[in-house]
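Q: Please take a close look at one part of this model, the nonpolar patch on its surface, and then set it beside the charged pairs found elsewhere.

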Amino acid sequence: MTRSTGGAPRSAGVRGFVRRRSLFAPSRIDGVDLARGIAVIGMLAAHLLVIPDLDWTDPSTYDGLVHGRSSILFATLAGVSIGLVSGGRTPVRGPRLETVRSRLLVRAGAVWVIGVLLLFLAVPVYVILPAYAILFVLAAAVLPLRARTLFIVAAAVGLIAPFPQAAIDALTFWSTPVGADLANAIGWHYPFLTWFAFVLAGMGAARLDLRARATPILLALAGAVIAAFGTALDLVFGQSEQFGQTPWTGGAHSSGLFEVIGSGGFALLVIGLCVLLCRTPLTWVALPLRAVGSMPLTAYSAQIVVWALTRPAAEPGTFELDVYRGLEPFWPMTLGIIGACTVWALLVGRGPLEAAVDALARVAVRGAPTDADGAPAAPGAGERPDRLER
């Protein structure tokens with residue numbers, strides 16, 4: 001007997017074991033977990049390594065792909081998860097819809113609280129969790145929509161939002177102490193106004209049915225075309241005086257039009273390729289990354305906490321991010337998180353924060369089980385603006 005959820009076939013000899021582990025639950029899609037795991041590693045690289053800005057004409061800068069794209073991949077995957085828990089190809093209706101919506105709002109509140117607590121650790125990164133909480137709230141309003149409508153709305157938001165976004169970003173209010181506090185509280189460095197397009201696109205991908213044979217192929221092809229189009233626009237116009245600044249720019253974390261197109265397409269490409277890869281025996285090779293991707297909220301929060309506990313004492317005239325990177329923490333932290341998540345997934349099951357948030361949502365909102373792929377994905381991050389890391 002084989003498993004028809006997007007993973008490789010599994011023998012009867014391991015069936016008893018996998019039934020007891022959420023990482024192998026029939027409801028999960030291995031490729032979605034893998035994509036989340038890749039996004040986590042990209043986030044760690046963007047935080048902890050000194051990586052040059054991406055220049056498509058210079059292959060030595062191609063590791064700059066992690067800048068911006070990691071967090072956009074996470075936002076898109078959050079949409080995929082929301083689409084899966086709300087019915088996948090066929091959106092839930094009636095009482096089940098209200099159960100899913102209410103639980104999503106509870107999760108949004110819990111994620112926001114966790115994000116604020118992480119902010120108090122004062123690690124020099126922009127914490128994305130508050131922005132995710134707001135994106136969950138926005139997604140709750142569009143749960144009944146089908147794939148075509150979601151993709152149309154995603155395109156409209158992605159093409160229009162960068163322009164008011166640029167005007168809002170230009171306000172001097174953000175330079176005031178109150179403005180800075182508000183920006184942190186709502187995760188404005190990952191602005192929900194524009195980033196909602198990625199969540200909508202991810203929900204649309206889930207509505208196409210990622211378990212179908214052709215869906216990931218079409219998703220990868222469409223993503224490649226969109227990413228190439230956005231990259232071409234940035235290469236041709238991105239450096240010109242007329243188009244080189246927001247709202248047009250393709251720079252990482254600019255939320256410019258060229259970035260929305262290019263990085264949004266890149267996220268769809270990665271998701272499609274990961275689902276395809278995990279339909280082969282390579283899904284077992286990718287198990288450690290899938291384990292990380294099965295508990296992204298835990299992995300993301302862990303790196304912030306570990307950072308806070310291991311950072312050196314501040315010295316006058318130094319910037320903490322540069323000092324911490326000088327300790328070369330990337331490989332120890334990355335391998336530690338991969339190892340810990342793998343052991344936890346195999347021996348315990350769901351990540352601790354994922355399990356806690358899900359339990360809270362189920363206690364707060366009674367109803368029939370609705371989860372198809374676990375709670376919405378937790379965040380990742382990308383590159384830095386203004387000497388902080390995103």
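A: In this predicted model, Trp112, Val113, Leu117 and Phe120 together make a nonpolar surface patch of about 440 Å². One of these residues, Leu117, is found in helix H4, which spans residues 94-119. Leu117 counts as exposed because its relative accessibility is 53%, the cut-off for that class being over 50%.

The charged pairs come next. The structure holds eight salt bridges, and among them is the one in which the side chains of Arg311 and Glu320 meet, with 3.4 Å from N to O. Both partners of this pair fall in the intermediate class of accessibility, which runs between the buried limit of 20% and the exposed limit of 50%: Arg311 is partly exposed, with a relative accessible area of 26%, and Glu320 is likewise partly exposed, with a relative accessible area of 24%.

Asp358 takes part in two further salt bridges, one with Arg350 and one with Arg362. In the pair with Arg350, the closest N and O atoms are 3.0 Å apart, while in the pair with Arg362 the side chains meet at 2.9 Å, again from N to O. Arg362 and Asp358 both lie in helix H17, which covers residues 352-364, and they are four residues apart, about one turn of the helix. Salt bridges that share partners join Arg107, Arg350, Asp358 and Arg362 into one network. Within this network, Asp358 counts as buried because its relative accessibility is 7%, under the 20% limit, whereas Arg350 is partly exposed, with a relative accessible area of 25%, and Arg362 is also partly exposed, with a relative accessible area of 25%.

A word on confidence belongs with this reading. The mean pLDDT of the protein is 86, and 84% of its residues reach 70 or more. Two stretches call for care: over residues 1-5 the pLDDT stays under 50, and the model has 14 contacts beyond four places in sequence for them, while over residues 370-387 the pLDDT also stays under 50, with 97 contacts beyond four places in sequence in the model.

Technical notes: Residues are numbered from 1 along each chain as its sequence is written. This is a predicted model: local features need pLDDT of at least 70, side-chain atom pairs count only at pLDDT 80 or more; totals for chains, interfaces and linings use all residues. Side-chain values use heavy atoms; hydrogens and water are left out. pLDDT is the predictor's confidence in each residue, from 0 to 100. Contact means heavy atoms within 4.5 Å. Patches are made of residues with over 30% relative accessible area and no salt bridge: like charges are joined within 9 Å, nonpolar side chains (Val, Leu, Ile, Met, Phe, Trp, Tyr) within 5 Å. Accessible areas come from the Shrake-Rupley method with a 1.4 Å probe; for residues, only the protein chains shown count as cover. A salt bridge is a side-chain nitrogen of Lys or Arg within 4 Å of a carboxyl oxygen of Asp or Glu. Helices (H or I, at least four residues) and strands (E, at least two) are DSSP runs, numbered from the N terminus. Buried means under 20% relative accessible area, exposed over 50%, partly exposed in between (1.4 Å probe, protein chains only).
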